[in-house]
Every structure is written in C-alpha cells, then in structure tokens.
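Hi there,

Here is the structure I promised to pass on to you. Have a look at it first, and then read my notes on its hollows below.

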Amino acid sequence: FSNEYIGAISNKKSYTPFLDSLINHSLVFTNAYANGKRSIESMPSIFAGIPALTDIAFITSNYSSNNINSAAGLLASQGYHTSFFHGGKNGTMGFNDFAKLAGFDEYYGMTEYNNPDDYDGKWGIYDEEFLQFFKQKIDGFEQPFLTSVYTLTSHHPYKVPEKYKNRFPKGTLVIHESIGYTDFALQRFFESIKNTDWYKNTLFIITSDHTAQAESDYYNTKPGSYAIPIILFHPNDTTLVGKSNIIAQQTDIFPTIMDYIGYDNQFIAYGNSLLNDSADHFAINYISGIYQLIEQDYVIHFDGNKCIGCYDYQEDPLLTNNLVNNFKDKTVLENRIKAIIQSYNTRLNQNKLVFSE
C-alpha cells in the first residue's frame, strides 16, 4: 500500500476515497517509510521497533527466539488484552510464532475464521469478510485492549471478489483495483464499529507492511519505493488532526503507542515517538547490501564500509545529483548509520534487545 495510491498524501489520482476522507480527521505523517520491502519484515518493525537490517528476516533468523520488547508485551503488563489477526493461512511468514514471541495473548488466522467460502485462492480470506470477523471478535474483548489486523487482498495477484468485478477503478497498474477494494473493505469496517462501546475510546493506527507497484518517477526511487502511510485517528482526540512532514518510519509506531498511553519505563526500539517533537526523526532500511538513511533533508546510501551516495531529497527528489564528494554533514550522517548498525548487530548477537534488570 504505497503512498502513491492515496490521493490525500500523494496529490495524484486516488484509489482510496475512504482513506482520503479519514485523513481529513486524522494526524497523517506524509513523509513516512517502511523499514523493509517484505511483509515478513514489517511485523517486527511495527510492533517491536526492530528494523529489517539483515538479509534474513528477523522472524526466520537465528535471533527469532531472542527476548524482545513489544507493544503487545508492554501493554499486557499494563492490563491490556492483546490480540493479532491475520487473514492468511496459519503459519504464513511465521506471523503466529512472532505474535507469541511478542506477547500477544491471542492469534486469529484463517483457521479460526473457519469459512473456506471466503478464501481468495491464494493468501487467505478476502479483506471485507475478515474485517467483519475482526469486528465481531473485538466486540467480545474486555477493555482496555490492543489489537491488530493484517489485510491481504492488495497483495499479488491482487484478486478482487467476483461480486465486485468492475466496481473499482482499474487504473494503470494491476494493483489499483485491489487497492480500491481494500479501501472499500476498510470503509465497511469503520461503518460497522461506529456504534460500539469501544470505538470512541480507541486510537486507530493505519499503515502498510510495504509498497508494491509504482508508476511515477518519485515512487520508483529508493526512498520513494519505501513511502507508506502512517495515519493516527482517534474519534475523540482533536489533537490528532493535521498533516506532519516529519520523517517517520514503522519502528516509530511502537514508541508512539507507549508515549500516547503515558508509559514511562525504559524499553528498546529503533525509532522514536512521533508525538515527541524534540526527538530525532529518521528512517532506515536495507536491501541487497545497501543501507539507506533518511534524515533531515538528506538521503544517505551506505555500503557497510563507506557512504556511496548523498542526496538532498527535498531539492532533488529523483536523486539525480550525488553529493557524496561535496557534502559537509556526510560524516555526521555516516556515523549515525554506523552507530545504528553496530548497536543493532550487537544487540542481536548478544540477545540484548531488552534492558536487563
């Protein structure tokens, strides 16, 4: 779910009329990025503040049994009921195993949904039906709770239910029709929950796992290919309204949740609360041996030894002018990347992703 598809963010043709309308009542971070390019990399980033900085995803790596902090674990310690929903086949991408590691009380997948009539033939249950199942389960949860749902239909092969064929704009990319369907499924979900006793007490965080196909030049650049929505919506909190251009990333979501509820104990996350204006805001990701840091007005590319690219992405969004040999702050940002990599690898290898007593 790239920012490119959301007209209220991209200022391009929109395939998400519902999200566009919700953004008018939300705090949306228009300069936000995924930490990885695969679904399996997003869950640790979003819930535990662990970015995808290795070739092997954390969930399937040798470190997958390490002790970690997570929004689920810390909120459970504060008396929250926690649950994770994924319409896919149980076991897909190790989501159920990571949910257990992260401290979620309950996991709901295709098995728990238990109705093969709504199977999309590839990944799992179509979004509309699974989101209604999600709603029905939430209605039975005791408050306070933390819950999360991963939708499926806007993943390849982007299959839309037969009953909705030709209902949503097909656009210029094969994904566009499924984006319209998922947006519609989200609208149906929000319509179904507005009169529940928990709706007005809930902070909704809407984001995507990663991007997909893109048609415009910017969204095919290295930073643009990670550009995702991060949207905070609360029906009763008027402070969470407007657009923010601070740099945001998936690993900021966990600290943001903890900040919002007033949690004041220490925990480890490779991100900062998006509600803290004094924090350093940056985004980091990695693919095929190259680390990318987005901070201040710059994009830095680092090969593990040295900086190989420096770009002023505000002035040069298509990254046509490499400033690597003529950039006064290169050392500062290069050292930032080195520090993150060193800390990340050390904590993985020494199982120190949580503070010791």
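In this predicted model, the count comes to 2 cavities of 30 Å³ or more. The largest cavity holds about 50 Å³ of space, and the second largest has a volume of about 40 Å³.

If you would like to find the largest cavity on screen, look for the residues that line it, including Ile-40, Glu-41, Pro-44 and Tyr-344. Helix α3 (residues 39-48) gives the largest share of this lining, with 3 residues. By class, the lining has 10 nonpolar, 1 polar and 1 charged residues.

Around the second largest cavity you will find Asp-120, Trp-123, His-155 and Lys-159, among others. Its lining has 4 nonpolar, 2 polar and 3 charged residues.

Now for the pockets. The largest pocket has about 1100 Å³ of space and is lined by 44 residues. Thr-147, Ser-148, Phe-204, Ile-205 and Ile-206 are the ones nearest its centre. Which element gives the largest share of this lining? That is β4, with 6 residues. Helix α3 turns up again here, as one of the elements that each supply at least two residues. The lining has 29 nonpolar, 14 polar and 1 charged residues.

The second largest pocket has a volume of about 330 Å³. Of its 18 lining residues, Thr-30, Asn-31, Tyr-218, Tyr-219 and Asn-245 lie nearest the centre. Here β1 (27-33) gives the most, with 4 residues. By class, this lining has 9 nonpolar, 7 polar and 2 charged residues.

Enjoy exploring!

Best wishes

Terms used. Residues are numbered from 1 along each chain as its sequence is written. This is a predicted model: local features need pLDDT of at least 70, side-chain atom pairs count only at pLDDT 80 or more; totals for chains, interfaces and linings use all residues. Side-chain values use heavy atoms; hydrogens and water are left out. On a 1 Å grid over the protein atoms alone, a cavity is a set of points where a 1.4 Å probe fits but cannot get out, and a pocket is an open set with protein on both sides within 12 Å along at least five of seven lines; lining residues have an atom within 4 Å of a point. Grid points are joined across faces, edges and corners, and a volume is the space filled by probe spheres set on the points. Ala, Val, Leu, Ile, Met, Phe, Trp, Tyr, Cys and Pro count as nonpolar, Asp, Glu, Lys and Arg as charged, and the others, Gly among them, as polar.
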